[in-house]
Amino acid sequence: MSSLSIFPHLHFSTTSRRFHWKIIPCSVKALNRYFALYSTQSIAVFLYPMASMFYEFVFGFGFSVVFVVFLCFSFPLGFSDERSDPRFYVILFISSMIGVIFMRFQSLLHYMLPRKRSGEGKAVILGDSDISLKKSRLTYSVDCKNSTETDVSGAGGLGVGKSISNNNSTGEHSIIPDMAFDDGNPRDIDEDLHSRQLAVYGRETMRRLFASNVLVSGLQGLGAEIAKNLILAGVKSVTLHDEGNVELWDLSSNFVFTEQDVGKNRALASVQKLQELNNAVTISALTSKLTKENLSNFQAVVFTNCNLETAIEYDEYCRNHEPPIAFIKTEVRGLFGNVFCDFGPEFTVLDVDGEEPHTGIITSISNDNPAIVGCVDDERLEFQDGDLVVFSEIHGMDELNDEKPRRIKDVRAYSFSLEEDTTNFGLYERGGIVTQVKQPKVLNFKSLKEALADPGDFLLSDFAKFDRPFLLHLAFQALDKFVSQLGRFPVAGSEVDAERLISITTDLNQNLGDAKLDDVNPKLLTQFAFGSRAVLNPMAAIFGGIVGQEVVKACSGKFHPLFQFFYFDSLESLPAQPLDPADFKPLNSRYDAQISVFGSKLQKKLEDANVFVVGSGALGCEFLKNFALMGVSTGKHSRLTVTDDDVIEKSNLSRQFLFRDWNIGQPKSTVAAAAALSINPRLQIRSLQNRVGLETENVFDDSFWENLTVVVNALDNVNARLYVDQRCLYFQKPLLESGTLGAKCNTQMVIPHLTENYGASRDPPEKQAPMCTVHSFPHNIDHCLTWARSEFEGLLEKTPSEANAYLSNPAEYASAMRNASDAQSRDNLERVIECLVKDRCETFQDCITWARMKFEDYFTNRVKQLIFTFPEDATTSTGVAFWSAPKRFPRPLTFSVADGSHLQFIRAASVLRAEIFGIPVPEWVKKPEKLAAAVDDVIVPDFRPRDDVKIVTDEKATSLATASADDAAVINELISNLEQARTALPPDFRLRPIQFEKDDDTNYHMDLIAGLANMRARNYSIPEVDKLKAKFIAGRIIPAIATSTALATGLVCLELYKAVDGSCRVEDYRNSFANLALPLFSIAEPVPPKVTKHRDMQWTVWDRWAVRGDPTLRELLKWLSDRGLNAYSISYGSCLLYNSMFPRHRERMDRKVADLVRDVAKAEIPAYRRHVDVVVACEDDEDNDVDIPLVSVYFR
């Protein structure tokens, strides 16, 4: 035996060859399994995943096998027994690592490959009988000898022999009665990822979703949208079924297809990209004919391209299954769509609307029959007649504190009647909370066969189309007959096909007897026939959102289901001018489906449009996807500009579907633009990271705005919306506005000269609790959390920042404090001294001491002082009890290391205090017994309340700091003390302020805020909340889900057709509001702008008067006078250029207006600006004020 130079201690023996065959047969068996899986499929079906499998096998596992074989056969090594010889494992490890490196290398060849998020997921390709999704499918082994079932999965959704588990939770989950859930344990909820969705659904609903298996049949645009929304929601599995192949026609509505997918099976072509959306969801493809028995593995099934005969058969099976399977049939045909839901003979809705139970604070209860209950008058009651309520915390009439639900009636703003005789009850004294009891609701669904004959009441969306649903009910049945008879859809532009469809509809109508319609509207049916083959992207987005939400309802019992038919159309989106049949002719392009509805002329307008999308979050991602599919801004000279100054966070991934977890930290607009470009490579898109506002008007200058076709807002704050609204008003550009809040969404069309602008009407400001209520007299958890957030920012951000400001420039800081000499300055200085002197921390034990003292101050001493100043029997100056509703009498807390919540507060506070001072945090802080021992070492001094303490009780007070006559003297003394303390600090000493970050559960921020709020709630006997609920309130998290976002953007894109066409009337546009929880759809025409008239002129907010020729002030006044307007004041911004009451202003009459702006207003006019805008106040000849438009004075 000879030695190998690089491995001198390794020797070869013939017995060692056996270990090769322990690896190679495994890979061969896996490959055989792969072939067996596709043995019943066509060659085309097999070839599609072959490329991905080749990369995985050859570069990954295959390379490792070849490398080991090469080592062992090329060198004279000798292993006496490879199982015990460590040298075998050395080679195996090295070869495996090289294999892994090559696998990672090849993964870079794919664009946007899926990565793991929460849990683990996989893509599965299913054959004829391979559709079981039960628990046994969830775990696989790479040990081929012991494996009975191997998953086909991988980085791209198609790999070999991966070890995958989707069962990462050991917790139990609740099961809704009569709902079939998978028997596996549900995975844990990733609260960072799903925080916005949890704010809508809650944990229990999310757990039910995580246990639900869903089938989506039909993978044209509508099916893909539904699947996307369900995958983002986090259901357990989604099985994609489609027997057809991708056509170029499909690319106008399905965002997962590319031109390279044409000819491939739709389901197989969809798996990989849909898997990228959420790797915690199992994505499966079924390409063979679906049987009724296949349906038994699912909690809900959705059919998007199924004829009525087959649908009736499937529906009957689902209804009769035990427990019933939720059945949904939906279609999009051009600008028409429908949904039918059947969740079984008896379906229980656990939460009808998803709203928090309403509450009221009681002020009085009468001893009557019925009893009259009065509540505080600071908030209107939101109860309804017939609601059930429970009472608690009532003093005196204790009989009502029995938690028994009681029905109420005669609900008014601040009172209601109780259907109970309280004559013999005790007398009401004080206090009490009344809380709504939400009741489950049982719905009895009809079968599809029954509902077709007797549909009952339709859910309306547009009350201007009151009679439309029943006509569409007949039209969709007629289309089903047409397709079954001819084997195809009507041809776009074919009058013959349209007449045939009209004839079938007429026959169906005649068979209805007395229920028949007087008119079947041949014109509408003709439009229906022309576009019936097309699945338009905006319609797919709308119904993808609606149906996705219905599936969530079916799987969870959360929200009221659609009962049972819903029809929708948007005929008003068609071009105003009649279309020639030749306009519908296919151009062999990806937009042919859209052309078959709108014609080629509008398609060309869409391609040539210059569009500005402001924001690329949830709404922005949907818009960019929609625009790419619609062909917006794909012309050579067009431009789609998207801007967003934000970066991607983990919480975005549950609804902003163009982002992946490896994009976290990257600019949203850049990543979204790249993803949109991958959907349609012809998209002329530019991404920017600029905030749209006054500070970026050099970026978004006059030329930019003037060249736009339309602006689309995808913003999440009102101020930014108002700014963009003003820009669109100024440059007279259409603005398409939308927003979402949980399951609710709204859209508003702002069209030049046709509608009012966004800022014309505003919501009332959100009611704020008085400062004294938040700081001394809270009566709900919101008050406690508001206080907690304020204390967090004061202790950890503002005070350290103030200290740093002083340390950076002591002289300047001291001068500013002396100049202010107010109560706020005094308070700031006291806090800085406390931070740098009295409570300065040098060790972690100091931080624990500080935290323990804060607990004592907040929850013990302050409460003792408060109830000393205002005892429980205190009265006001009018003799009314001070502690009457809504005030709650507090009790001080006694600290105990045995109380876990007390200890958690200390842990969070001390860790964050250490972070501010740069003190290392020891590992033992996570061990309760060691932390408790450290806390026990803290000596807490006794506290005695003082008589001279003033507590603010005025609800109108805006500050707790009270001014005094000697503020200036106190400030000087504090500054002197601060100077002395600074000399004891190192020269470069600085604190590290902490900015609140709600979406990182490891940073202790929410732990501290939840601790502060719950301890305070405990003081005042207010129900406490968990950290997640605290995050929603204190973090001001806006609830958001993918379904309402998809619905809103789909509705906006229907309006985009009209805005780009440019010939629609105001009555053709639609504003909308929807609440998918109820469900409720309210669609109406926009409100026209207010018109001002003067003489023979009239104008609206959209008008801007232009005065050209670089006029002087005298010439401008003359220009206005010629129109019967006497100007008495002209201003630029906040500067007055001219006022008729000031004699000296007459000296300016012969000066250029532009020069006055430069010299008087001291304004720097940008080089790109060709005019200045002035506001003119005018009177008519009768001295009546006249509001005129903005006047633009052109000087270039």
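**Entry 1: overall**

I began with burial: 56% of the 1196 residues in the protein are buried. I note that this is a predicted model. I then listed the secondary structure and found 32 helices and 32 strands. Next I looked up contacts between residues at least 6 apart in sequence; 73% of them join residues at least 24 apart.

**Entry 2: cores**

Nonpolar side chains tend to be buried together in soluble globular proteins. I looked for the largest nonpolar core here and found 175 residues in it. Which members touch the most others? Val-238 and Phe-627 do. Helix α30 gives this core its largest share, 11 residues. I also found a second, separate core of 79 residues. Ile-781, Leu-785, Ile-848 and Ile-994 are among its members.

I went back to Val-238 and left out residues up to four places away in sequence. Val-238 then touches Val-214, Val-216, Ala-227, Leu-230 and Ile-231. Its list also includes Val-281, Thr-282, Ile-283 and Ser-284.

**Entry 3: α16 and α30**

Two packed helices are described by an angle and a distance between their axes. I took α30 next, residues 1042–1061, with its partner α16, residues 618–630. Their axes lie 9 Å apart, at an angle of about 45 degrees. The pair is therefore oblique. I logged the crossing of α16 past α30 as right-handed.

Which residues of α16 meet α30? I found Ala-618, Leu-619, Glu-622, Phe-623, Asn-626, Phe-627 and Met-630. On the α30 side I listed Thr-1045, Ala-1046, Ala-1048, Thr-1049, Gly-1050, Val-1052, Cys-1053, Leu-1056 and Tyr-1057. By class, this contact has 11 nonpolar, 4 polar and 1 charged residues. Phe-627 thus turns up twice in my notes: in this helix contact and beside Val-238 as a member touching the most others in the largest core.

**Entry 4: α4 and α29**

I looked up a second helix pair, α4 (residues 191–201) and α29 (residues 1027–1034). How far apart are their axes? They are 11 Å apart, and the packing angle is about 70 degrees. Angles of 65 to 115 degrees count as roughly perpendicular, so α4 and α29 fall in that class. Here too I logged a right-handed crossing, α4 passing α29.

From α4, the contact takes Glu-191, Asp-192, Ser-195, Leu-198 and Ala-199. From α29, it takes Leu-1028, Lys-1031 and Phe-1032. I sorted these by class and got 4 nonpolar, 1 polar and 3 charged.

Notes. Residues numbered from 1 in each chain as written. Predicted model: local features only at pLDDT ≥ 70, side-chain atom pairs only at ≥ 80, totals over all residues. Heavy atoms only, no water. Axes fitted to C-alpha atoms, helices over the stretch in contact; angles between N-to-C directions. Helix = DSSP H or I, 4+ residues; strand = E, 2+ residues; numbered from the N terminus. Parallel < 35°, antiparallel > 145°, perpendicular 65-115°, else oblique. Left-handed = near helix turned anticlockwise from the far one by under 90°. Contact = heavy atoms within 4.5 Å. Nonpolar A, V, L, I, M, F, W, Y, C, P; charged D, E, K, R; others polar. Core = buried A, V, L, I, M, F, W, Y, C linked by side-chain atoms within 4.5 Å. Buried < 20%, exposed > 50% of the residue type's maximum accessible area, 1.4 Å probe, protein only.
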